[in-house]
Amino acid sequence: MSLDSSTLLPAVRAFLSSPKQLLIDGEWVDAKDGKTFATVNPSTEEVLVQVAQASAVDVDRAVAAARNAFEAPSPWSQFTPRDRSHLLWRIGDLIEAHADEFAQLEALDNGKRVEAARDGDVATAAELFRYFAGWATKMEGTTIPMSVPGRSFHAYTRREAIGVVAGIVPWNFPLLMACFKIVPAITAGNTVILKPAEQTPLTALRLGELLLEAGLPAGVVNILPGYGDAGAALVDHPGVDKVAFTGSTEVGKKIAAAASVNLKKVSLELGGKAPNIIFADADLDAAIAGAVLGGYFNEGQCCVNGSRLYVQRAVFDQVVDGVAAAARAITVGDGFEAGAHMGPLVSQEQFDKVLGYIRGAVADGAVLSAGSADPARDRGFFVSPTLITGVTEQMAVQTDEIFGPVVTAIPFDTEDEVVAAANNTVYGLAAGVWSNNIGTAHRVGARLRAGTVWLNTWHADDVTLPRGGFKQSGWGRELGSFGLDDYTELKTVIAELR
């Protein structure tokens, strides 16, 4: 790495200098075939480290370990709900204690700013463990009266762990997405095989070290870095009881089809193309700031970003000028660079894809009100925050999930018109409305087909809130009390009283 090593914590330097292996059954092991792959710093395009590359053989090993850890009389099966609660809280404390390490690793591997990783991703990961620690002792059933003449019954329900869960996660929030899968799964008593994205495996591997340090029994969480073939092997494996996936709608459809062979349970948090609607009566300063945050947060690599901006015609030019000025004021730079507001995109592939969409929009007659169709820097996968006007609803830049710092802006006149345009998408993950008329805000919010709707704000969030999508944005919900339901089976027990 060209990065000055004095910038890195000694613990981070030590982690990068040690072998990056698979975690299977509580042990760090090489891939069975010995293969490795490189993970790259997107700010410098230089290799950070070689990582063991899991194959189907390694999936078999991990599934066997997870199954053995789940089934009685394993140590994990003997953990009481209170034991799980205490363990989860310990892990949260360990993540917080090592927050600076995680933040630096995330900046190296993903490209995001160190401060954003530490104060956002890592802090939320620690809070997830603590929040779900409270739920471990509160997975309750119900008693249900039965009406059978002449006979008496006691009927009740139980929430039980599903079994072996495969978690397949993306590269935009590597640590946080890993925790989204691991935390509710082990809260309910399941075991887990995690496949991190091949672009960003490092924080998942560091998390694996802390899980073992906290006292998680062997085989409860297994971590398999690798490519799509490893993920496919997990989805196909008869020993996996559930697949939890966050990623593109295209891959989500493939997972759903493959899982249908043996009807394993599937939860999917997929793509988005969120509409952000600004009415003329909105607080325009707040709405412009919200549009900038909603559009360019996390380098635009966030599935709930407001990438489709709809502005009522009377204030369209004012809002576009404000968003464009703010976009031009955003400084792109290395995640360790003082004064940088935005890091690079995660990979060469993503960089090429995003620039391709921008160039395609210009070729189709759209106008760049901010940003550029050229790289923002000579080295690294940097793209300038871009605002595109003169867009039609049929353009690819308007219909497709781009997953980069690209916002399109279109004027509208009436409420009915903008609701129809906002809902005219295969996605339904998030949406937003800005209006000082509380009736307008709530009425339009109710009409939008999305799993999360923000009113006069964007990216307001909490681990207590469920998230998920309508339409092709996914199945099921994550986080909050709702997040446990997808990791449990509901059993009905009926006893006759004689």
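**Entry 1: cysteines**

I began by looking for disulfides in this predicted model, and the count came to zero. To see why, I started with Cys179. Its closest cysteine sulfur belongs to Cys303 and is 16 Å away, which is too far for a bond. I also noted that Cys179 is buried, with a relative accessible area of 0%.

Next I turned to Cys303. It is in no disulfide either, and the nearest cysteine sulfur, in Cys302, lies 5.2 Å away. A disulfide needs the two sulfur atoms within 2.5 Å. Cys303 is buried too, at 14% relative accessible area.

**Entry 2: the listed active site**

Which residue does UniProt list under "active site"? I found Glu269 there, in an unreviewed entry. In the model, Glu269 sits in strand β11, which covers residues 265-269. Is Glu269 buried or exposed? I read a relative accessible area of 8%, so Glu269 counts as buried.

I then looked up what touches Glu269, leaving out neighbours within four places in sequence. The contacts are Phe245, Thr246, Gly247, Cys303, Leu429, Ser473 and Glu478. I was pleased to meet Cys303 again in that list.

**Entry 3: β10 and its partners**

Phe245 and Thr246 led me to strand β10, residues 242-246. Five of its five residues are buried. I remembered that side chains in a regular strand alternate between the two faces of the sheet. Here Lys242, Ala244 and Thr246 point one way, while Val243 and Phe245 point the other way.

Which strands pair with β10? I found that β7 (residues 164-168) runs parallel to β10 and is joined to it by four bridges. Within that pairing, Ala166 has Val243 as its bridge partner. I also found β11 paired with β10 in the parallel sense, over five bridges. There, Ala244 stands opposite Ser267.

Following the chain from β10 through helix α9 (residues 249-259) to β11, I traced a right-handed β-α-β unit.

I also looked at helix α8, residues 228-236. Its buried residues are Ala230, Gly231, Ala233, Leu234 and Val235. Among the elements covering them are β10, β7 and α9, and α2 and β8 are included as well.

**Entry 4: the seven-stranded sheet**

I moved on to an open sheet of seven strands with mixed pairing, in the order β14-β15-β16-β13-β12-β17-β18. Its edge strands are β14 (367-370) and β18 (452-455), each pairing on one side only. On average, neighbouring strands are turned by 25° against each other, direction ignored.

At the β18 edge, I saw β17 (residues 430-434) pair with β18 in the parallel sense over four bridges. One residue pair I picked out was Val433 with its bridge partner Leu455 in β18.

What packs on this sheet? Helix α14 (residues 415-423) does, touching β12, β13 and β16, and its direction makes about 175° with that of β13. Helix α11 (residues 316-328) lies across β12, β13, β14, β15 and β16, running at about 65° to β14.

At the other edge I stopped at Leu368, which is in strand β14. Leu368 counts as partly exposed, at 27% relative accessibility. Its C-alpha atom is 7.0 Å from that of Thr386, although the two are 18 residues apart along the chain. Beyond residues up to four places away in sequence, Leu368 touches Ile358, Val362, Ala373, Thr386, Leu387 and Ile388.

**Entry 5: backbone oddities**

I kept in mind that most residues other than glycine have a negative phi, and most peptide bonds are trans. Where did I find a cis peptide bond? One runs from Ala72 to Pro73, with omega near 10°. Pro73 lies in the loop between α2 and α3.

I then noted a positive phi of about 55° at Leu263, in the loop between α9 and β11. Leu263 is exposed, at 70% relative accessibility. Glu299 has a positive phi as well, of about 60°, and lies in the loop between α10 and β13. Unlike Leu263, which is exposed, Glu299 is buried, at 5% relative accessibility.

**Entry 6: the listed domain**

Last, I checked the UniProt domain line: the unreviewed entry gives "Aldehyde dehydrogenase" for residues 28-493. Over that range I noted 39% helix and 20% strand, with the end C-alpha atoms 41 Å apart.

Conventions:
Residues are numbered from 1 along each chain as its sequence is written. This is a predicted model: local features need pLDDT of at least 70, side-chain atom pairs count only at pLDDT 80 or more; totals for chains, interfaces and linings use all residues. Side-chain values use heavy atoms; hydrogens and water are left out. UniProt positions are given in the numbering used here, feature names are shortened, and annotations may be inferred rather than shown by experiment. Helices (H or I, at least four residues) and strands (E, at least two) are DSSP runs, numbered from the N terminus. Buried means under 20% relative accessible area, exposed over 50%, partly exposed in between (1.4 Å probe, protein chains only). Contact means heavy atoms within 4.5 Å. Two strands pair if DSSP finds at least two bridges between them. Axes are lines fitted to C-alpha atoms, for helices over the stretch in contact, and angles run from 0 to 180 degrees between N-to-C directions. A crossover is right-handed if, with the strands pointing away from the viewer, the path from the first strand over the helix to the second runs clockwise.
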